[in-house]
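This briefing walks through a structure by topic, from the packing of its helices to its cores and a few individual residues. Please keep the sequence and the 3D view open while reading.

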Amino acid sequence: MRGVTVKEAAEICGGRLIGNGTEEILSVCIDSRKVEKGSMFAALKGERVDGHDYMAKAFELGAACCIAERIPEGVSGDVILVPDVAAALKVLAEAYRKRFDIPVIGIAGSVGKTTAKEMVASVLSRRYNVLKTEKNLNNELGVPLTIFRIEPEHEAAVIEMGISDFGEMTRLARMVRPTMAVYTLIGHAHLEHLHDREGVIKAKTEMLEYMPENGTVFMNGDDDLLAAFACKQNKMLFGTGTNADVRAENVYYDEEMQLCCTVVSGGRKIDVKTPAYGQHMVYAALEGAAVGIVMGLTDEEIAEGVQSFETVGRRANVVKTGYITLIDDCYNANPDSVKCGIDSLKKNGGRKVCILGDMLEMGENKEALHAGVGRYASECGIDLLLTVGELSENTSGGAFTDKRHFTSNSALIAELPELIKQGDTVLVKASHSMKFDEISEALKLLK
């Protein structure tokens, strides 16, 4: 965040400035340990930690100012006093975003947002200086922090936008003001608040009210709701069907389990390869290619960008341990992403094993949704289903494959040496709070 003084920031957010406010703000942070010279430290009050207790430390590290709701005794330095720090950051982010006339691509959807963000950024970076969302900072706190990182040298920004309720996307889009949007999939996620898929698409497309009508919206044409959705903007479908403006043909995995396909758009045919694994990577490659095509990249630049993609966290990482092939995909889970993982698993040779855990925030139909995943695993010919968690007992009950259910990760881990055989391909997937990374690490140790 450059070109804004402390005084100007106070005026923008309607805060009361304590101090002279002449120093320029160079960055914004919410963690006092990451404060640098020129930072604005936002003293947020959380459930366990109150940022106001760290304002003195922030000034010691060179903060230009703090934005806070009160000034603790003994704190000295420029302070912007506001009624609500989080709300003030949104106002500042909205104003700061308007200073930049660059392409901004908003990424939304129920599954694959982070993968899409990384792929689009990888492709565009072949030609442009691209800012992208770090890690999973995609909510009403993370998005402002991402916007504050835009600098004059950036030529494009790719911003992930995650929601769980109605109205949230409106608040995010008001800050982001995307010029393009990518919609990955409308699935069964956050149903506690959004109720059903129709509610999901209604909430996520709130973004379009803050997009220019000459902007482009990229939507998954294999998703029935997205394919049928009408919007004021230019709509471009990507997918594997004949309805797609940008489609994938000749999809296969090479000997190194890299996904390969041909991206077809009009008369253009672009052979691409990505080092990441999984059927969902077909869509990621198409998302990156579609945005690249609209932004004028060459076939060579698009292919290089797809090839340069790197996975983030524990998302469909393929690990050949020497004993088994592990598909470590335990970052998060909902019915759509789990079924996608099963689709990828069934393409492998050898015995196929699913280790699945609870999928959270599934709403009132959570038991039926878990049972449906189990039936899908059976229909896909999965050889062994292992489950952990109260909800996942429904997954096990809904499957007609060889199956075992466990009440804890430790109980499952203790029996892995007997259950897993040499040469197996094992998918590990559950919601993040299930801590299935413990299971993945135990699988790596099998001999």
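In this predicted model, α4 passes α11 in a right-handed crossing, and the residues that make this contact are M119, S122 and V123 on the α4 side and I302, G305 and V306 on the α11 side. Helix α4 also passes α10 in a right-handed crossing, and the points below take up these two pairings before turning to another helix pair, a mostly covered helix, the nonpolar cores and three single residues.

**Helix α4 and its partners**

- Helix α11 spans residues 299-307, and its axis and that of α4 are 7 Å apart at an angle of about 135 degrees.
- Because an angle counts as roughly antiparallel if it is over 145 degrees and as roughly perpendicular from 65 to 115, the pair α4 and α11 is classed as oblique.
- Sorted by class, the residues in the contact of α4 with α11 are four nonpolar and two polar, with no charged residue.
- Helix α4, residues 113-124, packs against helix α10, residues 280-294, at an angle of about 40 degrees and with the axes 8 Å apart.
- The relation of α4 to α10 is likewise described as oblique, since angles have to be under 35 degrees to count as roughly parallel.
- On the α4 side, the contact with α10 involves T115, A116, M119, V120, V123 and L124, while α10 contributes H280, M281, A284, A285, E287, G288, V291 and G292.
- The contact of α4 with α10 is made up of nine nonpolar, four polar and one charged residues.
- Residues M119 and V123 of α4 appear in the contact with α10 and also in the contact with α11.

**Helices α15 and α16**

- Helix α15 (residues 409-419) and helix α16 (residues 437-444) cross at roughly 10 degrees, and their axes come within 10 Å.
- This angle makes α15 roughly parallel to α16, and their crossing is right-handed.
- The residues that meet are N409, L412, I413 and L416 from α15 and E438, I439, A442 and L443 from α16.
- In terms of class, six residues of the contact of α15 with α16 are nonpolar, one is polar and one is charged.

**Helix α6, a mostly covered helix**

- Helix α6 runs over residues 168-176 and is mostly covered, with seven of its nine residues buried.
- Those buried residues of α6 are E168, M169, T170, L172, A173, M175 and V176.
- They pack against several elements, namely the helices α3 (85-97), α5 (142-147) and α8 (197-204) together with the strands β8 (104-108) and β10 (156-160).
- After α6 comes R177, which has a positive phi near 50 degrees.

**Nonpolar cores**

- The largest nonpolar core has 54 residues, and those that touch the most other members are M40, I67, I80, I147, F148 and Y183.
- Helix α3 supplies the largest share of this core, with six residues.
- Another core, of 38 residues, lies apart from the largest one and includes A156, M180, C261 and L286.
- Setting aside neighbours within four places in sequence, M40 is in contact with A9, I25, S27, V28, C29, C65, I67, I80 and L92.

**Individual residues: T274, Q279 and E60**

- T274 belongs to strand β16, residues 268-274, and is buried, with a relative accessible area of 1%.
- When residues up to four places away in sequence are not counted, T274 touches M119, Q258, L259, M281, V306 and F309; of these, M119 takes part in the contact of α4 with α10 and so does M281, while V306 belongs to the contact of α4 with α11.
- Q279 is placed in the loop between β16 and α10, and its relative accessibility of 23% makes Q279 partly exposed, because residues count as buried under 20%.
- Although Q279 and D343 are 64 residues apart in sequence, their C-alpha atoms are 6.7 Å apart in space.
- Leaving out residues up to four places away in sequence, Q279 touches Y253, C340, S344 and K347.
- E60 is found in helix α2, residues 55-60, and counts as exposed at 68% relative accessibility.
- The C-alpha atoms of E60 and S76 are 9.8 Å apart in space, with their positions 16 residues apart in sequence numbering.

Note on methods: Residues are numbered from 1 along each chain as its sequence is written. This is a predicted model: local features need pLDDT of at least 70, side-chain atom pairs count only at pLDDT 80 or more; totals for chains, interfaces and linings use all residues. Side-chain values use heavy atoms; hydrogens and water are left out. Helices (H or I, at least four residues) and strands (E, at least two) are DSSP runs, numbered from the N terminus. Buried means under 20% relative accessible area, exposed over 50%, partly exposed in between (1.4 Å probe, protein chains only). Contact means heavy atoms within 4.5 Å. Axes are lines fitted to C-alpha atoms, for helices over the stretch in contact, and angles run from 0 to 180 degrees between N-to-C directions. A crossing is left-handed if the near helix is turned anticlockwise from the far one by less than a right angle, and right-handed if clockwise. Ala, Val, Leu, Ile, Met, Phe, Trp, Tyr, Cys and Pro count as nonpolar, Asp, Glu, Lys and Arg as charged, and the others, Gly among them, as polar. A nonpolar core is a set of buried Ala, Val, Leu, Ile, Met, Phe, Trp, Tyr and Cys residues joined through side-chain atoms within 4.5 Å.
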